Amino acid sequence: MFLEKINSPLDIKKLAVSDLKTLSDETRAALINKISKAGGHIGPNLGMVEVTVAMHYVFDSPTDKIVFDVSHQCYPHKILTGRKAAFTDEAHFHDVTGYTNPAESEHDHFIVGHTSTSVSLALGLAKARDLKKSGENIIAVIGDGSLSGGEALEALDYAGEYAGNLIIIANDNDQSIAENHGGLYKSLRELRESNGTAANNIFKSLGLDYRYLDDGHDTEKLVALFESVKNIDHPIVLHIHTIKGKGLPFAEKDREAWHAGGPFNAADGSRPSNGDGDTTLFESLTNLLDTNERAVVLNAATAMGFGFVGEIREKYARRGQFVDVGIAEENAVAMASGVAKNGGVPVFATFAPFFQRVYDQMSHDVALNSNPAVFIVMSPGVGGMNSNTHTALCDIQMFAHIPNIVYLAPATKEEFVQMFRFATTQKKNPVIIRVPGQFPVSGIADTTDYSLVKNKVEQKGSGVAIIAVGVMVPMAVEVAKIASEKSGKKITVINARFLNALDEELLESLKKDHRLIITIEDGLLMGGYGQTVASFYGNSDMKVVNHGISRAFHTDFDAAQLLAQHGMSAELLAKEAMRFLGK
């Protein structure tokens with residue numbers, strides 16, 4: 001056993017090169033131990049074991065600085081840099097995060113959870129090194145899927161004229177989250193098939209030195225490659241072919257399904273049943289494509305999030321009605337604007353955190369031109385991803401204020417269906433719709449005309465009104481029920497529905513018989529919907545109390561607990577309302 005004696009990269013250097021294969025096997029076993037029991041990123045980490053072992057054997061971390069793109073392939077790195085207990089001992093599984101984190105180790109240089117960043121970050125480290133006149137190696141690790149991102153391409157372009165040490169390890173497993181898309185990948189395929197000798201070489205065309213290794217799981221060849229470029233005086237790309245999911249046959253075979261996920265049986269890949277997921281979005285998208293030949297769904301490598309997997313994707317792609325642009329959200333949003341301008345019906349859908357990359361395109365390319373494209377923000381708010389690297393709490397702040405955009409927040413499945421129908425048939429505005437992971441079902445068809453900014457009064461009362469955003473409406477209804485039972489008084493419950501504008505007529509009418517407005521939303525408080533309501537009432541006698549999430553990078557939280565910590569539970573809100581009612 002070698003791994004039990006590895007507490008830092010210095011311990012790896014004590015081994016013979018011939019021992020590194022065994023260390024890799026032990027590292028992979030530790031990795032499988034953790035991810036099979038606790039879940040996490042599976043395929044990316046399994047494919048990077050040997051590369052990581054060899055990197056730490058040759059380079060001198062943390063003096064030599066290694067930057068992982070996305071960092072969802074950093075588990076082997078964590079195992080080898082003093083954190084192996086978090087993978088071998090179940091009691092310590094939660095001692096580390098799923099991404100690089102400088103608070104955990106001096107071997108981590110950035111908190112990173114988004115794609116296409118490593119080369120830019122590494123260039124910054126290299127520039128500071130040059131200014132300090134120190135001599136460390138700077139290594140950027142980037143996967144082939146991440147190469148399609150705009151930031152990565154911009155960084156590679158600049159690296160082509162940079163004149164100092166920069167080692168870019170391009171980990172090529174011929175896979176993004178889903179399959180790769182784009183002309184770049186034709187070049188990578190030609191390079192793999194020609195053992196790196198193809199004339200069509202995107203890296204060389206950008207002015208970068210280049211070397212290729214076909215077997216990225218041969219530790220001796222990896223060590224030789226890394227030693228040959230250590231302390232190099234110019235940028236170089238090491239194009240290394242690896243196998244995503246290496247070591248688990250089912251993960252190697254179905255690379256998309258095993259990109260990430262929860263616990264599983266390491267022997268056969270079986271997983272506990274999580275029940276049937278919500279198919280509302282999937283059904284709306286497929287119905288649109290099946291009934292409107294001018295409709296197209298655009299995505300950026302996350303189509304499995306709305307059920308477009310395997311044959312489903314292929315079916316609509318053959319019909320020209322599904323486009324995956326790879327990890328390139330900016331391109332997808334601008335394309336959607338172009339499709340809408342030329343008479344098509346585009347719908348771009350991805351998870352809330354990834355919309356952070358498209359602010360300029362949403363503002364300039366879409367909204368400024370008033371092109372009626374449709375955007376689906378999946379899993380926003382506290383019910384979405386709960387990592388500080390994948391924050392889903394600020395979508396309202398990003399987009400609700402942009403002129404021309406209609407931003408809708410359905411509270412039920414039925415409302416979403418009607419909002420989607422409105423969005424894909426109107427021709428006046430770009431429309432964004434928030435889509436939670438699971439929709440409440442009311443059983444009552446929605447026939448609302450969403451061309452008019454009208455909130456829905458779920459219950460009419462007096463004294464106190466609660467205005468709720470989207471998935472917070474059921475909580476507001478429960479608050480009203482508790483308040484009625486304990487005080488004998490009915491309070492008003494309002495479903496906001498619109499985030500880009502206020503129903504001023506309704507808000508004005510509340511002044512007649514209400515004295516307190518409580519707003520609740522599942523995203524950040526600062527700059528959110530509630531503060532817009534408070535601004536409306538600013539010069540009146542109406543008291544407004546806003547509830548939302550505090551301005552911080554919240555991480556690893558339980559949604560209900562985080563809401564309660566910010567005053568949002570049925571019991572806490574009912575007490576607040578009853579205090580005002582005098583009960």
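How are α19 and α23 oriented to each other? They are oblique, a word for any angle that is not under 35 degrees (roughly parallel), over 145 (roughly antiparallel) or 65 to 115 (roughly perpendicular). This is a predicted model, in which local features need pLDDT of at least 70 and side-chain atom pairs count only at pLDDT 80 or more, while totals for chains, interfaces and linings use all residues. Residues are numbered from 1 along each chain as its sequence is written, and side-chain values use heavy atoms, with hydrogens and water left out.

Start with that helix pair. Helix α23 covers residues 570-581, and helix α19 covers residues 473-487. Helices (H or I, at least four residues) and strands (E, at least two) are DSSP runs, numbered from the N terminus. The axes of α19 and α23 lie 8 Å apart, at an angle of about 50 degrees. Axes here are lines fitted to C-alpha atoms, for helices over the stretch in contact, and angles run from 0 to 180 degrees between N-to-C directions. The crossing is right-handed: the near helix is turned clockwise from the far one by less than a right angle, where anticlockwise would make it left-handed.

Contact means heavy atoms within 4.5 Å. On the α19 side, the contact residues are Met475, Glu478, Val479, Ile482, Ala483, Lys486 and Ser487. On the α23 side, they are Ala570, Glu571, Leu573, Ala574, Met578 and Leu581. By class, this contact has nine nonpolar, one polar and three charged residues. Ala, Val, Leu, Ile, Met, Phe, Trp, Tyr, Cys and Pro count as nonpolar, Asp, Glu, Lys and Arg as charged, and the others, Gly among them, as polar.

Next comes the core. A nonpolar core is a set of buried Ala, Val, Leu, Ile, Met, Phe, Trp, Tyr and Cys residues joined through side-chain atoms within 4.5 Å. Buried means under 20% relative accessible area, exposed over 50%, and partly exposed in between (1.4 Å probe, protein chains only). The largest nonpolar core has 77 residues. Phe375, Phe399, Ile491 and Ile520 touch the most other members. Helix α19 gives this core its largest share, seven residues. A second, separate core has 49 residues, including Leu23, Val49, Cys74 and Ile236.

Take Ile520 by itself. Residues up to four places away in sequence are not counted here. Ile520 then touches Ile466, Ile467, Ala468, Val469, Met472, Met475, Ala476, His547, Met568 and Leu573.

Now turn to α2 and α4. Helix α2 spans residues 20-38, and helix α4 spans residues 49-58. Their axes come within 9 Å and cross at roughly 125 degrees. This pair is therefore oblique as well. α2 passes α4 in a right-handed crossing. From α2, the contact uses Leu20, Leu23, Ser24, Thr27, Arg28 and Leu31. From α4, it uses Val49, Glu50, Val53 and Tyr57. Six of these residues are nonpolar, two are polar and two are charged.

After α4 comes a loop that leads to β2 (65-68), and Pro62 sits in that loop. The peptide bond from Ser61 to Pro62 is cis, with omega near 10 degrees.

Tyr75 belongs to helix α5 (residues 75-83). Is Tyr75 buried or exposed? Tyr75 is buried, at a relative accessible area of 7%. Neighbours within four places in sequence aside, Tyr75 is in contact with Leu31, Ile35, Gly40, His41, Asn45, Phe87 and Gly98.

A third helix pair is α13 (residues 280-291) with α18. Their axes come within 11 Å and cross at roughly 25 degrees. That makes α13 roughly parallel to α18. The crossing is right-handed. Thr280, Leu281, Glu283, Ser284, Leu285 and Leu288 of α13 meet Lys413, Phe416, Val417 and Phe420 of α18. Helix α18 (residues 413-423) is mostly covered, with eight of its eleven residues buried. Among them are Phe416 and Phe420.

Two backbone sites close the tour. Most residues other than glycine have a negative phi. Ala301 has a positive phi of about 70 degrees. Ala301 lies in the loop between β8 (295-299) and α14 (311-318), and is buried at 1% relative accessible area. Ser379 has a positive phi of about 55 degrees. Its loop runs between β11 (374-378) and α17 (395-399). Ser379 counts as buried, at 16% relative accessibility.
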